[in-house]
Amino acid sequence: MTLDQLRPYISPFLDPFVAGFDRVGLTPNGVSVLAFGTAILAGAAFLLGGRADPIWYVAGAVLVFLNGWLDIIDGALAREQDVASSSGDLLDHVLDRYADIVVIGGLAAGILDYFLGFLAVTGVVMTSYLGTQAQAVGLERVYGGAVGRADRLAIIGFVGFLAYPFTGTYGGWGLVGWLLVFLAAVGHLTALQRFAYSWSALD
């Protein structure tokens, strides 16, 4: 089970935040854009963590967790305001994909390993693509597989915190390098799992 599948169970904890955003007049699309802004800042922080001072990894980790939290809230706010729409869903998914690219790009650029970054970002994008492509062929949206977006953000945030005190190399890579290896491997694995599930469901 991935963390994405736990979203219905955390809804009660969202109510104070949803009410607060609604009270100040923010729309779900506005929250989606705000979430994307935190991803851009996270990518920049991860870049600085690798190039300047590892303390920036901590800032990146906090911003990644904030991005994930806002990504949950925008949908809850849309339901609260009764404005859920296909256009809002499209915007949310487009910004999420760009957010993934920016965050992973920042990690890769920080350690100057663009090949690992390429493998990681393609795995992540294909995971998300296969999840929504299932809908396009008449199935339910697929959240299963080894690692979903919520899991991915949690892992990136956790490693971001660890990358500050643990700055050495382990088996040829630092923690960020190993994080990119992990994202590449499980990203493509999850994409293939979702493809296999969708393929069998269409038979």
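**Exercise 1. At what angle do H4 and H7 pack, and how far apart are their axes?**

Solution. Start with the ground rules. This is a predicted model, where local features need pLDDT of at least 70, side-chain atom pairs count only at pLDDT 80 or more, and totals for chains, interfaces and linings use all residues. Residues are numbered from 1 along each chain as its sequence is written, and side-chain values use heavy atoms, with hydrogens and water left out.

Step 1. Helices are DSSP runs (H or I, at least four residues), numbered from the N terminus. Axes are lines fitted to C-alpha atoms over the stretch in contact, and angles run from 0 to 180 degrees between N-to-C directions.

Step 2. H4 and H7 pack at about 135°, and their axes are 10 Å apart.

Step 3. Classify the angle: under 35 degrees is roughly parallel, over 145 roughly antiparallel, 65 to 115 roughly perpendicular, and the rest oblique. H4 and H7 are therefore oblique to each other.

Step 4. Add the handedness. H4 passes H7 in a left-handed crossing (the near helix is turned anticlockwise from the far one by less than a right angle).

Step 5. List the contact (heavy atoms within 4.5 Å). From H4 come Ile104, Leu107, Ala108 and Ile111; from H7 come Val176, Gly177, Leu179, Leu180 and Leu183. The contact of H4 with H7 has eight nonpolar residues, one polar and no charged. Here Ala, Val, Leu, Ile, Met, Phe, Trp, Tyr, Cys and Pro count as nonpolar, Asp, Glu, Lys and Arg as charged, and the others, Gly among them, as polar.

**Exercise 2. Work out how H4 sits against H6 and H3.**

Solution.

Step 1. Take H6. H4 and H6 pack at an angle of about 25°, with axes 13 Å apart. That makes H4 roughly parallel to H6. The crossing is left-handed.

Step 2. Find the residues. Asp96, Arg97, Ala99, Asp100, Val103 and Leu107 of H4 meet Arg149, Arg152 and Ile156 of H6. The classes are four nonpolar, no polar and five charged.

Step 3. Take H3. The axes of H3 and H4 cross at roughly 170° and come within 12 Å. The two helices are therefore roughly antiparallel.

Step 4. Find the residues. H3 supplies Tyr57, Val64, Asn67, Asp71 and Asp74, while H4 supplies Asp92, Asp96, Ala99, Val103 and Ile111. By class, the contact of H3 with H4 has five nonpolar, one polar and four charged.

**Exercise 3. Locate the cavities and describe their linings.**

Solution.

Step 1. Set the terms. On a 1 Å grid over the protein atoms alone, a cavity is a set of points where a 1.4 Å probe fits but cannot get out; lining residues have an atom within 4 Å of a point. Grid points are joined across faces, edges and corners, and a volume is the space filled by probe spheres set on the points.

Step 2. Count. The whole structure has two cavities of 30 Å³ or more.

Step 3. Take the largest, with about 60 Å³ of space. It has 13 lining residues, and the closest to its centre are Ala99, Asp100, Val103, Leu153 and Ile156. Helices H2 (28-51), H3 (55-80), H4 (86-111) and H6 (149-163) each give two or more residues to this lining. Its classes are nine nonpolar, one polar and three charged.

Step 4. Take the second largest, of about 40 Å³. Val124, Thr127, Val147, Arg152, Leu183, Val186, Gly187 and Thr190 line this cavity. H5 (114-136) and H7 (175-202) are the elements that give two or more residues. H7 gives the largest share, four residues. The lining divides into four nonpolar, three polar and one charged.

Key: On a 1 Å grid over the protein atoms alone, a cavity is a set of points where a 1.4 Å probe fits but cannot get out, and a pocket is an open set with protein on both sides within 12 Å along at least five of seven lines; lining residues have an atom within 4 Å of a point.
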